[in-house]
Amino acid sequence: MTRARELTVRGVPVRLLSGGAGPALLFLHGAGGAGRWLPFQDHLARRFAVEFPSHPGHGGSPAAEWIEHISDLAFHYLDLLDLLELERVHLVGASFGGWIAAEIAVMAAHRLTSLVLIDPVGIKVDGWIYPFLFAMDLPELVSTVFHDVTAALALVPGGEGPDTLLELARERAALARVAWNPYLYDPLLRRRLARVTTPTLLCWGEHDRVASLACARVWAAEIPGARLEIFGGSGHVPHLEEPAPVAAVVGDFCAACEGAR
Amino acid sequence: MKFYYFHLMPYPLEHGEPSSWVTLSNRHYDPAVGHVLYNQYLDQLEYAETLGWDGLCVNEHHQNCYGTMPSPNVMAAMLVRRTRRARIAILGNGLPLRENPLRVAEEIAMLDVASGGRVISGFVRGIGPEYYSTAVNPTHSRERFYEAAELILRAWTEPGPFPFDGRFYRYPFVNPWPRPLQRPHPPVWCPSQGSAETVEWAARRRFPYLMVFTPIKRIAQIYGEYREACERSGYTASRYQLTVNLPIVVAESDAKADAIARRNALWVYHVGLRMPLQFWQPPGYTTEASLRRLLAAGLKLPTELSFEDLEAGGYIICGSPGTVRDKLRVFADELRAGVVCSGFPAGTHEATLEMMQLFAEEVMPHFREDADVDETAGVGR
């Protein structure tokens, strides 16, 4: 069973889904994934106490005009950990959420037992330019993000009225605030990845067209000791496209880190 | 009523691409054709002065075939030296698109000094696709606009040097040479599509509000809101603060005008303004309050408008001189608009010159009760 809560983190309203039992695991979603408790979270909740917040401005949260930089979101989640009185967590982030997770890891590795990044964006990779998703209509977006397009059905909005449209507009704006230019990366993050002392797992969809496997190899080279797992049936969002195998690998990795504490 | 000749300087390409903006490949642009077009367009603007138009308008758009003036100040500079009387209205410079808006203050001042104080300076945010073309963050658009406008107005009016320390623009020394000739500064106009925030901002500063390509019902509504905002600011709006931009097609008969308009005016809406929704509305470009208003108004995209929609909706005016006079009367007497900025899409250069002459001879003289009035006195500053 999951429960939904509304918290206030330093004055910022946060919608939080929680479920499962075990060591605490914080999941940071990607664009369009706010507030959607899907099979991936179900799998993890069998072994961990999963905390799944919606980013400010996402999933029906109020617009977050205080956000100027990706580090604002990283600090926001450190504040959330304090509020939840979680000394250390397993941190799992997908795509945009992976970018935030990496920013947290370079700031405060001591708060993390493990770090899992699923097809993160956030660094500049020579020879790779992230496709400009803001310019795409829905069919192009889906075919760029997903290798298995049927997995996109999980992200279909709940309604079609003005409120739903405004919510989607608010999400795009919240994302653009930190990701429009430089597009989907923080120029300072890559050289700071050497500071990540947390055991790190990188999960990557083999057919990722947003951040290619070339990106994966750069992440794996920059984070000391990082392990890279590739999922052959996935594009940019393997936790949506192959939830069971991805959750099994993530769960085993986190459990092993837990045991090694 | 005052008449301003408005030129988009289109590159009238027919194509089947999904967008005429941002992604329409510039391999479609033939510079040799462009050379002819630019010179014809400038000839038309100069001819407009000869025929009695009060002002000549240029504007800024990027990476598209709809309007090929990425720098309106360059076109204004050419007009300044080839005209003597008409006002040169730059409608306008896209302030948030500039990394260094002090350059706008400098260029407008140069034009104002060189022209003997004939410049009108429009301040715009730029439309949605411009944020894709310039990579400026659209969520910063409004704040950059206000900040750049404040910087430029101070640069024109406060003795320099002074420091400016904004969120987006920071200068240890603001001290542009030259200063503008018009005192306290050239009139500022706000071309817009009716966002509540811009209406309020413009009204508070007495900046004329220009409704661009908008149905007449919405013009009436926004003019009403603007007039109310002026009253709240403690004054009554002059009619020269209420301006409109609409294409006019005039010919000897209604039937002939109808045929020309179907062939040429429609290009603007169905080709020139063709682009996907995400270009019209980049993230955060429109406030949630204004977005809600847009959704409630149920406005159509330009490509969804039929010729009948455009004509009946009052987006364009089309007909014989008599018909055009009657339709313009609605703008003059009911909407009480003081300035009409219009383009005359006629197809060929020669046809455009003829249409201009017909308008100047058969329509314009019927709206000249205010021939002696200076439309810029007391407004726009």
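How many helices and strands are there in chain B? Chain B has 13 helices and 12 strands, while chain A has 9 helices and 8 strands. Keep in mind that this is a predicted model. Here's a quick tour: the two chains one by one, then the place where they touch, then a few residues worth a look in the viewer.

**Chain B overall**

- The radius of gyration of chain B is 20 Å, and the globule rule gives 21 Å for 381 residues, so chain B is as compact as a globular protein of that length.
- Measure out a box along the principal axes and the C-alpha atoms of chain B fill roughly 60 × 45 × 45 Å.
- Of its 381 residues, 60% count as buried.
- Look at the contacts in chain B with a separation of 6 or more, and 77% of them come from residues 24 or more positions apart.

**Chain A overall**

- For the 261 residues here, a compact globule would come out near 18 Å in radius of gyration, and the 17 Å of chain A agrees with that.
- The C-alpha trace of chain A spans about 50 × 40 × 35 Å along its principal axes.
- In chain A, 57% of the 261 residues count as buried.
- Residues 24 or more positions apart make up 75% of the chain A contacts that have a separation of 6 or more.

**Where the chains meet**

- On the chain A side, 19 residues are in contact with 18 residues of chain B.
- About 1500 Å² is buried between the two chains, with carbon and sulfur atoms giving 57% of that area.
- Polar contacts between chain A and chain B come to 9 residue pairs, counting pairs with both residues at pLDDT 80 or more.
- Sorted by class, the side of chain A that touches chain B has 12 nonpolar, 1 polar and 6 charged residues.
- There are 3 salt bridges between chain A and chain B.
- One salt bridge to find in the viewer runs between the side chains of B:Arg167 and A:Glu68, at 3.6 Å from N to O.

**Salt bridges within the chains**

- Over all chains, the structure holds 28 salt bridges.
- In chain A, A:Glu222 pairs with A:Arg190, with the closest N and O atoms 2.9 Å apart. This pair links distant parts of the chain: A:Glu222 is in helix 7 (residues 213-222) and A:Arg190 is in helix 6 (residues 189-192), 32 residues apart.
- Both partners are partly exposed: A:Glu222 has a relative accessible area of 24%, and A:Arg190 has 23%.
- In chain B, B:Arg293 forms a salt bridge with B:Glu225, and the closest N and O atoms are 3.3 Å apart. Here too distant parts of the chain are linked, with B:Arg293 in helix 10 (residues 288-297), B:Glu225 in helix 7 (residues 216-232), and their positions 68 residues apart.
- B:Arg293 counts as partly exposed at 27% relative accessibility, and B:Glu225 is partly exposed at 22%.
- Another chain B pair is B:Lys256 with B:Glu252, whose side chains meet at 3.1 Å, N to O. B:Lys256 is partly exposed, with a relative accessible area of 40%, whereas B:Glu252 is exposed at 56%.
- Shared partners also tie salt bridges together: A:Glu68, B:Glu143 and B:Arg167 are joined into one network.

**B:Thr83 up close**

- B:Thr83 sits in the loop between helix 2 (72-82) and strand 3 (87-94) of chain B.
- Buried or exposed? B:Thr83 has 0% relative accessibility, so it counts as buried.
- Its side chain reaches the backbone oxygen of B:Leu79 at 2.7 Å. The B:Thr83 side chain also makes a polar contact of 2.9 Å with the side chain of B:Arg118.
- Leaving out residues up to four places away in sequence, B:Thr83 touches B:Glu49, B:Leu56, B:Ile88 and B:Arg118.

**B:Arg98 up close**

- You'll find B:Arg98 in the loop between strand 3 and helix 3 (102-115) of chain B.
- B:Arg98 counts as buried because its relative accessibility is 17%, under the 20% cut-off.
- The side chains of B:Arg98 and B:Asn93 are joined by a polar contact of 3.0 Å.
- Beyond its neighbours within four places in sequence, B:Arg98 is in contact with residues including B:Asn73, B:Arg103, B:Glu107, B:Arg144 and B:Tyr169.

Conventions: Residues are numbered from 1 along each chain as its sequence is written. Chains are lettered from A and ligands numbered from 1 in the order in which they are written. This is a predicted model: local features need pLDDT of at least 70, side-chain atom pairs count only at pLDDT 80 or more; totals for chains, interfaces and linings use all residues. Side-chain values use heavy atoms; hydrogens and water are left out. Contact means heavy atoms within 4.5 Å. Buried area is the accessible area (1.4 Å probe) that two parts lose on being put together, summed over both. A salt bridge is a side-chain nitrogen of Lys or Arg within 4 Å of a carboxyl oxygen of Asp or Glu. A polar contact is a pair of N or O atoms within 3.5 Å; within protein, one must be able to donate a hydrogen and the other to accept it, and residues adjacent in sequence count only if both atoms are side-chain atoms. Ala, Val, Leu, Ile, Met, Phe, Trp, Tyr, Cys and Pro count as nonpolar, Asp, Glu, Lys and Arg as charged, and the others, Gly among them, as polar. Helices (H or I, at least four residues) and strands (E, at least two) are DSSP runs, numbered from the N terminus. Buried means under 20% relative accessible area, exposed over 50%, partly exposed in between (1.4 Å probe, protein chains only). The radius of gyration is taken over C-alpha atoms; the globule rule is 2.2 Å times the number of residues to the power 0.38.
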